Structure formats: structure tokens, C-alpha cells
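Subject: Structure handover

Hello,

Here is the structure we discussed. Please look at the sequence and coordinates first, then read the notes below them.

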Amino acid sequence: MTAPGEEDPKTAPEAVTQELPPVPADPKPPADAPKGTPKGRADGKAEGNPAEKAAEDKAAGGEAEDKPGEKAAEDKAAGGQAEGQANDAPAEKAAEGATTPPSAPPAPPKKRLWGRGERRRSGRGSNAEGKPEDNAAGKPADKAGDNAERKPGDKAGEKVAEGATAPPSPPPASPKRRLWGRGERRRSGRGMSTAGLVSLPVLPLAWFVGLQEHPVWMPIAYLAYFLVVIAIPGTMFWRRLTGGTGWFTVDVVLGTAFGLAVEALVYPVGMLFSMPFAALLMPALAVGMVRALPRTPRAPRPTPWWATAGVMVAVGATAAWFVRTGSQLIPLNGTAALRPNSDAPHNLAIAGELTHHFPPRLPYADGRWLTSHWAAYDHIASSHWITSIPLDVLTHRMIPFAWILLTVVGAAAVGMLLTGRAVAAPIAAGLTVAAGDLTSWPWAVSDRVFSDGPFSLGQLTNPPQAFSTVLLLPLIAVTALLLRRQPGRAPRAHIFRLLVAAAVLVAALALTKATTLPVYGAGLAAAWVYLTVRRGRVNLRGLVLGLGLAAAYVLSFFVVLRGTESSVRFAPARTFDLLGGKLPVIIAVVVVGWLMPAAGALLIRSRVRRDPLPVFLVFGLLAAVAAASLLYDEGGAQLFFVRTGFLYGVLLATWGLSSLERKQYWIAAVALLIGAAAIYWGRYRSPDSCTSTNCFGQGLAVALVIAAIGIGLFGLILRGSRRTWAVIAVAVLLGTTVSPTLASVRKFATPSLTEYESIAPGGIEAARFIRRNSGSNDRIATNVHCHKPSTTRCLAGSYWIAGYAERRVLVQGWAYRTRVDDTYPGKPQSDYWDQEKLRLNDEVFTNPTRELLETLRTKYGVQWLLLDDRVTQPPKNLDRLTDLRFELGNVRVYQLYPPPPANSPFPTPTPTPSFPTGTPSFPTGTPGFPSPTPSFPTFPSQQPSGTLPTQQPSSTFTPSQPFPSGTLPTGSASTPNFTPSQTSTTPGT
């Protein structure tokens, strides 16, 4: 029992605030207080009593201050530790009528869980890892608590009335916990400023360096279009729909890729309503979404300067590679431009078709719908309309380079999102540029079949594959945001927005490439099963995402592909038969190379049991390898599954290397060098060409033996733990996947072209002449069908007229499913599907008649004839029945006109030449062409008997648009003020 007014020492800190009534406080200190008593210590308690002081500090939430030599009691409220401090102040007088509570024995100090100063070091370690939330328990919060306690008056007692005891002061509000230490925010800001000044300009500089061969206005125009129409609106879409990731740089990169997906869906809708500039509406749509949807709060997370600098190093290497190698693979000028394989003209033809028509048809064999994926060409066509950059420059230079750069920085962004660590950014970018694909034989450096990274020839000459890689990155990020959220913790509105973002990306991918969604779907299915089994209930988010994926794939099959039968068939191991040697050895060598990046998954140990994304990546890579091994296509289409899986392997390797501790990174760096040296020596020991089993397996065997020796020696030198041995082994294996990016600079210096001129000399200029002087609905008839002219074994894979003219051709080539090289397949070429149309087309160039020309003009809408004299010599009467408009090299261009009225007089022809306004010149670097000589039709001096000419020359022909300066001269016959039925709609002309 205690007397009235006394405190029970055992319960005073908890009960005194409830038992004692409030007493008016007197701000003045008592008169008899000693001079040494600090202000606010006149509450009648002796400052030298350690028990009372400890009780008071515990109630106030501060730290206890002890006499020298006494151990400090640990403060539970503030979580800090007490420090000894001497105090010479005498005991204060107690108020009259108040009894002094007896002193309680001091509580024994609790044993420390760590030594003095260790908590401070732990806080620094957490901060070094880039996790702001870990800093809250470190030194800054403790120091803030100390400062709060030392303020005068925080522990002050008040003078109480006579006969009453003084209530203790109410506990002060706990200080706000810092997310970083004092001064760290300032240092972080300086670091980001340094990164912005030093590293970020590398990206635009790399852009202009990589495109230095073109006029400066072209890269400037495309960059302005890309920023204003794609990057900024896409970032706004991304941050509103997904809520952002916290890293602004990550949101910008992924938002830019998302903007490309939105453009791929907006452009076709605009073309349906004859609005090719529909992409210009995207900024307005983005602003409307920002104003309509509420912002999802998310704490910002700064990107360290060193992470940005590391990514920019990879960007610089990409630009150097593109200048030396990437820009040389598909020549645009000179005689080399006449010797492309079939892929480059085919891509240009599809881009020209999407520029002027939607829904698209086969531009090189008019009459059938285009039954292939075309969304990648939407961006090319939209850029062509808005920037007026030539279509071949966009298709073969600017847009592939932009997509490669976006793939590098996009992999860095997704790596940061998956791992939660900034160190993943430079690792992912570096692996994308210089690793991720194990090829142990030197000839694979220049072989397009088994080089599966974004720097391979198969990626550069296939816009759908490059575009699908870009779109896959934000889709993986959205998948991570959806599957990682705990059920019931996220608002339904936010989940709905994430599903909308995923739907946009899935729809764009369904229109882009057929091999991307199956690989993604396999990984998604595995992750959904993992989550369902682990949590014991169906994961609805993954289920909805999977159903939407299946619906998009089915819709694309019936709408885009129009239900056509695929040329890919089930043929296990057929892919490896072409390499020769014993099949089991070949399969082992190739499959081990494809799966080697998955070794990085062995180092992932952070929240694996709760995170489904490692399962998603592993099964996605396995599905890609399985599809490439079990399916087969004559054109090698099954290999695009592996090219899609390349990104999954890079992310797995990035995640594993990002899971290391700081002291283990130098070990991993040395091990990576050991692996790179091993594979370099293995390639060096292999011959340039392999047709036997021993040759094929020699490179990989040598590399693996050297790698094993390096792992053993390095491990014995370090004598580390099991984790250290695992880091060494995995890093050495990942080092063997170093891609021959630098070696390809030397190997690819000479582009891989055909030995013959698949494009006739003067053909590019002739096609461009037709484009400038025709309407978008005009059609062309030609005698060019074979990729190699004047051959007995014809492979109908010629598409260059439709590509450079940007007009539909009645019948040019139709072997679009077979890859064309210097050789032809042994089996016979498939017949054209409309033999009557093909017969009429070819007869015009061998035995033309007025009736035949009228049939082509009226029934099939042909207005132009393009003749290659390497295939057939021009008929003698073709000049009389048509108008010869252009002649250069081996190519002639004729124009068809309506026949003259019956019984009309035919005046004497007076041809008047019409030349361009500017000085004619050849394209840059086109040596060896004959001098341009305009050719005019020769009219008889009097009206001939029999068939009349096709026109009544009376006045000079005026084209629908003036000829631009700098073009080749043309021959124009006088015509009766003829105006084409539709003016040219080519942008920029």
C-alpha cells in the first residue's frame, strides 16, 4: 500500500497518467531551487537518483542518462541505447506538504544483442544495398531521438499545488523515422546530378553517332517524333495504369515501350478512317487519362548514378557495334544495294503496303490478303507519314537501331524491377550486349541460324522479332506487378488497370509475332500453377491473364492470319539435321548452349518461395528451347522461339548475379573472365566450318574443360564457403555465354549478300519514279518473278518493286515462306495460285496487244509496266501501244492510257521532253551505272494502219506532282493533258 499522493515505483510509469488529476502548472521555477538546477527540473525529484531518472525517461520515451561508471538501461520506447553522462546538480527541494517517494532499486541492465557501434554499421550496410526502408532502424533515427531529448523542457516537471504530487509530463511524439541518414539525401542528389551530366548524354550521342551516314535532319526528326508522340505519352499511360515502379528511369523506359504498343493499335484504327496521322492524338489521350484517373501514390526510389553510368556504357557499345556492323548488313546505296537477300525487300514491301492501305494485302502478288503479322510495320508507316523520312532508311536503319537501344535499356529496367536492386541494371544491359548465347564454334559468329541475341542478323532483318522483344519487356514487368501482389491487399481498381495494361501489350504482341505469346504463355501457366498449389486456392489474376492471352491468340489466328495453315510442323530434331554429324552430339551441343544462361537461377535466393517470377522465367526458357527442337519450318521460323527465349535467359542470369553480396562481386567478375577466356579458346580451336561430329563438339568440350579447371583453381585459392564455390561455378558458366559481339565487328564488316544482282541496275530509281508519279491505288505489272534472273531454276522470291515503289504489283514473287540465298531448293517451286492472271501478265512482255493491255488496265487496274531486259527483251510494238516514261540500266517503265475514241483524228505526234527541275544525280556511292539517257517514244510520221497508238499526243504530259530535285532524268512523251486518277499520297513527296 502507498500513502495518498505517493507513486508505486513498480507501476508509476504506466499508471500515474491515469490516477492523478491534472494540476495547474506554474511556469516559474521555485524560489529555493539551486542555481545548478536546469530550467524545468523543479519538480521535487532528485536528479541524482538513477531509479527515478530511469522511470521518468521510460515514461517520456527518451534515453536514460547515468552517472559515470554505471551501465545505461536500454530504452524500449525509442529503441536507442543510453550513454553515461556526469551530472553534478544537487537534489531539488520537495514541495511543502508533498512526500518524496522512496527510491526504487535500479533495474539490472539488459544484455546487448550487439556491441556498441554495430547497429550503426548495420544501418550503413542496409543503405548500401539501395533499400530505403532499411535505413529507418539505423543511426539517423537514433540520433534524431537524442536531439529530441536534449531540448530544454522536454522532461520538465511542473510546480504543483500544496498537498498534491506532480504528474509526469505527457510523452512527446516520437520523431519521424528517416529513410536515409543525415546528409545522405544531399549526396544522392549530387550523385544523380553527376549521372545526368556525365552519363545520360551518352544516349542521344549514341543515336547520332549510329546514324552519322544520313543527313542530320533525319535522326533529329525521328528523335523528336519518338519523344513527343511515343515516349512522353507512353510514360504517362504507364504510370497511370500500373501506378509506376518507384524508379522514374524504369517508368520512362517501360513507358516508352508501352507507347509503341499503343501506337501499334492506334495506327490501324486511323487508317480505317483514312487518318494516317492518328498517332498524333496520343499526347492528347495521355493528358486525358492523367486527368481522369487518380494517381497511385508510390514512394520515389532514386537510381544511383553508377547504375545509370553502367547502362550508358552498354549503350555506347551498342552504338559502336551498329556503326561498324549493324549499319553495314543491309546496304542502302551503291552496287551492294542491288544484291540483298529476300528478307530486306520483303520487309520494305510490307512497310509500303501498311503505309498506304489497311487492311493489308500481299503487295508483291496483289489479290490475296496478307496472312502474316504486321503490327511492327505500323510504327514504320506512322513514322514515315509524320517525319517524311524515306521508308528504306526507316526500315533498315533508324527503327532497328532504336529498337536495339530500347531492348538494352529495357532489359536493365526489368532487371531492376524483378530483383529490387539497382545493381541489376548494368548487369542486364551488359549481358544483353555481350552475353546470353553460348556459341562454341567460330562459324556461328556470322551464321544467322544459331546467333539468337538482338545483335544477330536474324534480329536485324526481321522487324517483327525485334519489335516483339521490345514489347515483351513491359509485359514481363506487368506480370510481375500482378502476380506478386498479395490477394486482398491491392484495390480492385488498381488490379483492373494492371489488367488493362497487360491487355494492350498482349493485343499488340498478338499482331506482331507468332512465336512470342506461346513462350510467354508457357511461363505464365507454370507460375499460375505454382501460386495455386502453394496458396491452396486458384490465383484469379493469373487465370484472367491466361484467358486473355488465349483469346488474343485465337483472335489473331482468325483475323490476322485468316485461318491459314501454318508452314511450321511437328518434326522433332529436324532443326539439327542440317548441321551434319551424329544427331545426339549436335543436339547436346546446341541445347546446352541455349540453356546455359539458366545457370544464373542457381544463385537466386531472395524470396524465391514466395515469388513466382523465377518459375515464370525458367519455364519460359525451357518452352522456347523445346519449341525450337520439336518444330520445323523450311524457312527456319522455329528458331524465333529461341530468339524470344534469349531475353528470359538474360533476366535469369541477371537475377542470379544481382543476388550476390557486395564482397562477392569481385569474385564473380574474375569468374566471368575465366568463362570468357574458356569459350574464346574453344572457338579458336575449332575450324571455320564444321561438318563432322568431332569438329562440332570440339569447341564446347575444350571450353568446358578449361572452365572446370578455372573453377577448381580459383575456388582452391579462395578457400571459401559453399556459397562462394557456387558463385564461382555459375559465374564461369555464364562467362562462357559471352556473345561474339566484338568479334562480329570484324566478321560482319563485309555484309552477307547474294553473289548476283537480284535487283536490276536502275531498278531502284525506276521504282521510285513510279512512286513519285502515281497514286497509292495504282498497280504495276512486271516480268520480274525470280530472285535470280535468267536462271533455269526459278525461286519466285522477288519483292523489290513493291518495296521501293510502295505500290501493289500484279504478280512479282510469291515464295514469301522460303528463305532466299545464293542457292535454290532442290524441290520444284510451287505454282502461282492464279495461273490465268500470271499468263496475261507474262504475255504483255512477250506479245503485247491492245486487247491484252486493256484487260490488264480495266480488269486488274494496271497503270504501269516495269520491264527488266535481263529476263525478256522489250517487244517492238510495246513502245507504240504504251508510253515509255523511264529508262535506266536494264529497266524500262511504261504507262498505260485509255484508248482513243473511235474514228477520232490522230494528229502528228510532237514529243516534248520534260526534265526534273534540279540537277540529276545518282544515289550516293552508286558506281558503274551507265550515264542517264532519257528515252522518248518514237512516233510514226503518219497514222499507221492497223492498231492505233495508245494515246493522242497533243500537249506535254504533266505529272500529278512535280519531280523532286536530284532525281534521275525521265523521258516524257506528249500526252493529251492526262492526269492520273489519284494523286500520290506518299508522305514527303
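The notes below cover aromatic contacts, salt bridges, one helix and one surface patch. Please keep in mind that this is a predicted model.

Aromatic contacts

The structure contains 19 aromatic pairs. One of them is the stacked pair of Trp207 and Tyr222, with 5.5 Å from centre to centre and 20 degrees between the planes. Trp207 belongs to helix H6 (residues 202–210) and Tyr222 to helix H7 (residues 217–242), so this pair ties together parts 15 residues apart in sequence. Trp207 and Tyr222 are both buried.

Another pair is formed by Tyr520 and Phe616; the ring centres are 5.5 Å apart and the planes stand at 75 degrees, so it is edge-to-face. This pair links distant parts of the chain, since Tyr520 is in helix H18 (residues 516–535) and Phe616 in helix H21 (residues 613–630), 96 residues apart. Tyr520 has a relative accessible area of 0% and is therefore buried. Phe616 counts as buried as well, at 0% relative accessibility.

Trp207 and Tyr222 also belong to one aromatic cluster, together with Tyr225, Phe226, Phe322 and Phe401.

Two arginines sit over rings. Arg562 lies over the face of Trp369, 4.3 Å from the ring centre. Arg574 places its charged end over the ring of Tyr632, at 4.5 Å from the centre.

Salt bridges

The count of salt bridges is 12. In one of them, Arg239 pairs with Asp251, and the closest N and O atoms are 2.8 Å apart. Arg239 is in helix H7 and Asp251 in helix H8, so the bridge ties together parts 12 residues apart in sequence. The two partners fall in separate classes of burial: Arg239 is partly exposed at 29% relative accessibility, whereas Asp251 is buried at 1%.

Arg808 and Glu353 meet in a salt bridge with an N to O distance of 2.8 Å. Here the linked parts of the chain are distant: Arg808 lies in strand E4 (residues 808–809) and Glu353 in helix H11 (residues 343–356), 455 residues apart. Both Arg808 and Glu353 are buried.

Glu854 and Arg857 form a salt bridge within one helix: the closest N and O atoms are 3.0 Å apart, and both residues lie in H30 (residues 850–859), 3 residues apart, or about one turn. An α-helix has 3.6 residues a turn, so residues three or four places apart point the same way. Glu854 has a relative accessible area of 18% and counts as buried, because the cut-off for that class is under 20%. Arg857, with 22%, is partly exposed. Elsewhere, Glu836, Arg839 and Glu843 are joined into one network by salt bridges that share partners.

Helix H20

H20 has 13 residues (583–595) and reaches 18 Å from its first C-alpha to its last, close to the 18 Å expected at 1.5 Å a residue. The buried residues in H20 are Ile586, Val589, Val590, Val591, Gly593 and Trp594.

Surface patch

Which residues make the nonpolar surface patch of about 610 Å²? The patch is made by Val269, Leu272, Phe273, Met275, Leu281 and Leu285. Of these, Leu281 is placed in the loop between helix H8 (248–272) and helix H9 (282–292). Leu281 counts as partly exposed, at 46% relative accessibility.

Regards

Key. Residues are numbered from 1 along each chain as its sequence is written. This is a predicted model: local features need pLDDT of at least 70, side-chain atom pairs count only at pLDDT 80 or more; totals for chains, interfaces and linings use all residues. Side-chain values use heavy atoms; hydrogens and water are left out. Patches are made of residues with over 30% relative accessible area and no salt bridge: like charges are joined within 9 Å, nonpolar side chains (Val, Leu, Ile, Met, Phe, Trp, Tyr) within 5 Å. Accessible areas come from the Shrake-Rupley method with a 1.4 Å probe; for residues, only the protein chains shown count as cover. A salt bridge is a side-chain nitrogen of Lys or Arg within 4 Å of a carboxyl oxygen of Asp or Glu. Helices (H or I, at least four residues) and strands (E, at least two) are DSSP runs, numbered from the N terminus. Buried means under 20% relative accessible area, exposed over 50%, partly exposed in between (1.4 Å probe, protein chains only). The expected span of a helix is 1.5 Å times one less than its number of residues. Rings of Phe, Tyr and Trp (its six-membered ring) pair if their centres lie within 6.5 Å; planes under 30 degrees apart count as stacked, over 60 as edge-to-face and the rest as tilted. A charge sits over a ring if NZ of Lys or CZ of Arg is within 6 Å of the ring centre and within 35 degrees of the ring normal.
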